[in-house]
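Let's take a walk through this protein together, one stop at a time. Keep the sequence and the 3D view open as you read.

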Amino acid sequence: MYLSSLRELALGSRLKALSDQFYQAVDEVYKACGAGIESRWFPVLRYLRDVGPTTVTDMALAIGQTHSAVSQLADRLVDAGMVVRQRDPHDGRRSVLALTDAGERALGALGPVWLAIRRGMAESLGPRGLALLEAIDGCEQALAERPLVAAILAQRATLSRAAIEVVPFEPGLREHFRRLNQQWLERYFRVEDVDRALFADPEGMIVDAGGAIFFALYAGEVVGTCALLRESEGTYELSKMGVDENYRGLGAGRKLLDEAVAEYRRRGGRELFLESNSRLDRALGMYERAGFVRQASVRPGSHYERADVYMVYQGS
């Protein structure tokens with residue numbers, strides 16, 4: 001599933017989808033068994049039966065829902081005849097929620113249904129169901145000890161001080177070279193055979209052939225890459241520049257470009273060129289600011305079907 005690929009970033013959406021699935025399943029069970037309640041009513045009704053009359057505020061704290069959500073649910077339960085609002089006998093200035101006789105009768109007949117739900121979930125989910133319940137317990141405890149917003153904002157403050165670091169190729173980073181380039185190629189164009197060959201063996205076709213590959217790291221995360229391909233003695237191609245679209249604006253592309261140009265100079269190169277596409281306005285602007293000059297025609301014998309821009313480095 002798509003959401004599962006987003007991991008923590010989609011945690012709320014994934015839990016919402018699971019929650020809706022469980023609600024729907026239990027509602028179908030209640031309907032099939034002739035129960036007179038809905039699954040979303042359960043926390044309020046069960047709490048009132050177990051604890052007794054209580055205020056909306058106390059209820060919200062106890063079941064982990066907002067005051068507004070509990071108040072709206074209470075209105076529905078009052079309309080359904082399951083709950084009544086009445087004056088608090090200990091404090092006449094406030095009202096409390098209490099079960100009606102109809103609510104008591106409805107809950108009193110649900111023991112067999114709840115037992116079926118417990119056993120049916122255990123059968124359907126197996127050991128993973130128990131693991132899920134334990135994980136939820138642990139998650140609730142962790143969030144109580146360390147509120148999520150505070151933890152995220154603390155991380156954001158730390159990350160705001162992080163700078164882009166450019167590092168050379170190493171085997172452990174190989175997959176990022178493919179990932180980052182394939183990401184933008186599939187978005188704007190298509191992956192060509194020459195691309196696949198480079199992705200399959202970046203060491204052999206680039207590094208061992210006299211070129212170089214660089215990666216941009218942001219707080220340890222690989223967010224960009226580029227390659228310096230050796231075409232012939234003294235002639236190099238700047239290629240495979242890719243930056244994760246979620247990390248644009250950090251300057252990763254320019255730092256990678258500057259490092260590639262610096263490496264070209266260290267090697268005593270005589271010509272540095274690149275091939276691109278006129279659709280990539282942002283990238284072309286960066287190349288021009290770095291000293292690349294667009295040529296009048298495409299490069300003779302170009303390797304790429306998508307290339308309609310040919311630029312040569314003329315920086316100082």
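**A guided tour of the fold**

Our tour starts at T54, which sits in the loop that joins α3 (42-51) and α4 (56-63). Please keep in mind along the way that this is a predicted model. Is T54 buried or exposed? Its relative accessibility is 6%, and the limit for buried is under 20%, so T54 counts as buried. Which residues does T54 touch, once its neighbours within four places in sequence are set aside? They are Y47, L48, M59, V96 and L97.

Now turn to helix α2, which spans residues 11-32. L18 belongs to this helix, and with a relative accessibility of 36% it counts as partly exposed. L18 also has company on the surface: together with L11, L15, F22, M121, L132, L133 and I136 it forms a nonpolar patch. The accessible area of these residues together is about 640 Å². Where do the members of the nonpolar patch come from? Helix α2 and helix α8 (127-145) each supply at least two of them, and α2 gives the most, with four residues.

While you are in helix α2, look for S19 as well. S19 is partly exposed, at 28% relative accessible area. Try finding G120 from here: S19 and G120 are 101 residues apart along the chain, and their C-alpha atoms are separated by 17 Å.

Next come the charged side chains. Side chains of opposite charge can pair when their charged atoms come close. How many salt bridges does a search of the whole structure find? The count is 22. One of the salt bridges is formed by the side chains of E305 and R190, with 2.8 Å from N to O. E305 lies in the loop between β8 (292-294) and β9 (309-313), while R190 lies in the loop between α10 (174-188) and α11 (193-200), so this pair ties together parts that are 115 residues apart in sequence. As for their surroundings, E305 is exposed, with a relative accessible area of 62%, and R190 is partly exposed at 42%.

A further salt bridge joins the side chains of R299 and E231, at 2.6 Å from N to O. R299 is in the loop between β8 and β9, and E231 is in strand β5 (residues 221-232), so here the pair ties together parts that are 68 residues apart in sequence. R299 counts as buried, at 14% relative accessibility, whereas E231 is partly exposed at 38%.

You can also look for E263 and R267, which form a salt bridge whose closest N and O atoms are 2.7 Å apart. E263 is buried, with a relative accessible area of 13%, but R267 is partly exposed, with a relative accessibility of 32%.

Salt bridges can also be followed from one residue to the next. Which residues are linked in a network of salt bridges? Here they are E192, D195, K240 and R306. Let's pause at K240, which has its place in strand β6 (residues 235-243). At a relative accessible area of 5%, K240 falls under the 20% limit, so it is buried. The side chain of K240 makes a polar contact with the side chain of D195, at 2.9 Å. What else is in contact with K240, leaving aside its neighbours within four places in sequence? Besides D195, the list holds F177, N181, L198, F199, T225, C226, A227, Y304 and R306.

Our last stop is about aromatic rings. The structure holds eleven aromatic pairs. Among them is the pair of Y287 and F292, which is edge-to-face, with 6.1 Å centre to centre and 65 degrees between the planes. Why does this pair count as edge-to-face? The angle between the planes is 65 degrees, and planes over 60 degrees apart count as edge-to-face, so the pair fits that label. Both partners are tucked away from the surface by the same limit used for T54: Y287 is buried at 7% relative accessible area, and F292 is buried at 2%. Finally, Y287 and F292 belong to one aromatic cluster with Y236, Y264 and Y313.

Technical notes:
Residues are numbered from 1 along each chain as its sequence is written. This is a predicted model: local features need pLDDT of at least 70, side-chain atom pairs count only at pLDDT 80 or more; totals for chains, interfaces and linings use all residues. Side-chain values use heavy atoms; hydrogens and water are left out. Helices (H or I, at least four residues) and strands (E, at least two) are DSSP runs, numbered from the N terminus. Buried means under 20% relative accessible area, exposed over 50%, partly exposed in between (1.4 Å probe, protein chains only). A polar contact is a pair of N or O atoms within 3.5 Å; within protein, one must be able to donate a hydrogen and the other to accept it, and residues adjacent in sequence count only if both atoms are side-chain atoms. Contact means heavy atoms within 4.5 Å. Patches are made of residues with over 30% relative accessible area and no salt bridge: like charges are joined within 9 Å, nonpolar side chains (Val, Leu, Ile, Met, Phe, Trp, Tyr) within 5 Å. Accessible areas come from the Shrake-Rupley method with a 1.4 Å probe; for residues, only the protein chains shown count as cover. A salt bridge is a side-chain nitrogen of Lys or Arg within 4 Å of a carboxyl oxygen of Asp or Glu. Rings of Phe, Tyr and Trp (its six-membered ring) pair if their centres lie within 6.5 Å; planes under 30 degrees apart count as stacked, over 60 as edge-to-face and the rest as tilted.
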